[in-house]
Structure formats: structure tokens, C-alpha cells
Amino acid sequence: MTHHLALTSTTLIRYPKIGALPRANEPSSIPRASSRLFRIQAVQDNGAGRRRLVDIIRIVPEISRDYFKSPSRRALFGGISLLGGFYVAQTISLSFGALGVNDVIAAVVCVLITEYVTRFYYSRPKVTFPIALLNNFKMGFTYGLFIDAFKLAS
């Protein structure tokens, strides 16, 4: 079972359908593209079947689970999450520290968010990968705030 996407009058790209979702009134033949160049035409029947966007949205969790099964990808995205938290901490510290306005309120909000994420992480019986990424982001955020505090102390 394949879907088709016509890009030009001479180019036709075929890609297989991912997953085994039922679909009513599947198109049986390849439609011809118009003679205009670079016209993008999505092939979709107008029957009572599900729309392609819904099918894609439904298979995204399965695709992401398969993508993140590799330990190297998990480590890569864990590091990206850690560095992302570090970057956000440096940005917040620079923004509120330079202005000198609402810096105490910003510090309270940062501490509350950090404590909430810690409570959320450690209250779960099983830690899933997205929750682990959130905890990595929190660790990077905390590390960034500590580093900025050491820069201010010297």
C-alpha cells in the first residue's frame, strides 16, 4: 500500500505508508500531475476514509519510540537537553541580572519550577524517556545558575 505525491509533471515520488492503519477507499491508480512545473499535489480521496494528517498524527508516538530505542540517540538527546537547560539558565540570568528589575521574582520562579520538576521526576514509579529529558534539562538549568553565581562571586 503506497501513497503518492506529485511534484512536477515528470517527477512522481512514491513512499510507503508507515504502520498498519486501516483506510477506506484507498486510491487505486496514480493520478497524473498537471502540466505546470513545481505544482505540489497531495493525492487524497474524498471518501469517508480517514484523512492522511490524522494517520500521521496517530503513528508519531510509534515512530518516536522506535527512533529513541538506540542508546546512542538517547545519550545524544540527553546531552542536548542538558545543554539546553544550561543555555536557558544563562539567558535568564543575563536578562534579569542586567536589568536589575524583578530579579528576585525571577529567582523565586526558577526555584519553584526546579523543585516542581524534581518532585514530578521522583514521584513517578517508572521514569520514561521524556521525563528523563525533563530532568536533564533541570540539571543543566541548575548547573547554569551555579556557574553564573560563581562568575558573579569572582
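Select asparagine 102 in this predicted model. Asparagine 102 sits in the loop between α2 and α3. Check its backbone: phi is positive, about 60 degrees, although the residue is not a glycine. Now add a surface. Is asparagine 102 buried, partly exposed or exposed? Its relative accessible area is 45%, so it counts as partly exposed, since that class lies between the 20% and 50% cut-offs.

Next, select residues 103-122, which form helix α3. Put a distance between its end C-alpha atoms: they are 29 Å apart. At 1.5 Å a residue, the 20 residues should span 28 Å, so the two values agree.

Stay on α3 and show side chains. Which residues of α3 are buried? Pick Ala106, Cys110, Thr114, Val117 and Tyr121. Look down the axis: these residues cover an arc of only 70 degrees, and therefore lie on the same side of α3.

Rotate to the face turned away from that buried side. Here are the exposed residues Val104, Ile105, Val111, Leu112, Tyr116, Arg119 and Tyr122.

Turn back to the buried residues. What covers them? The cover includes α2, residues 71-99, and α4, residues 129-153. Select both helices and color them separately.

Finish with this pair. The axes of α2 and α4 come within 7 Å and cross at roughly 40 degrees. That angle makes α2 oblique to α4, because angles under 35 degrees would count as roughly parallel and those from 65 to 115 as roughly perpendicular. As for handedness, the crossing of α2 past α4 is right-handed.

Notes: Residues numbered from 1 in each chain as written. Predicted model: local features only at pLDDT ≥ 70, side-chain atom pairs only at ≥ 80, totals over all residues. Heavy atoms only, no water. Helix = DSSP H or I, 4+ residues; strand = E, 2+ residues; numbered from the N terminus. Expected span 1.5 Å × (residues − 1). Buried < 20%, exposed > 50% of the residue type's maximum accessible area, 1.4 Å probe, protein only. Arc of directions from axis to C-beta. Contact = heavy atoms within 4.5 Å. Axes fitted to C-alpha atoms, helices over the stretch in contact; angles between N-to-C directions. Parallel < 35°, antiparallel > 145°, perpendicular 65-115°, else oblique. Left-handed = near helix turned anticlockwise from the far one by under 90°.
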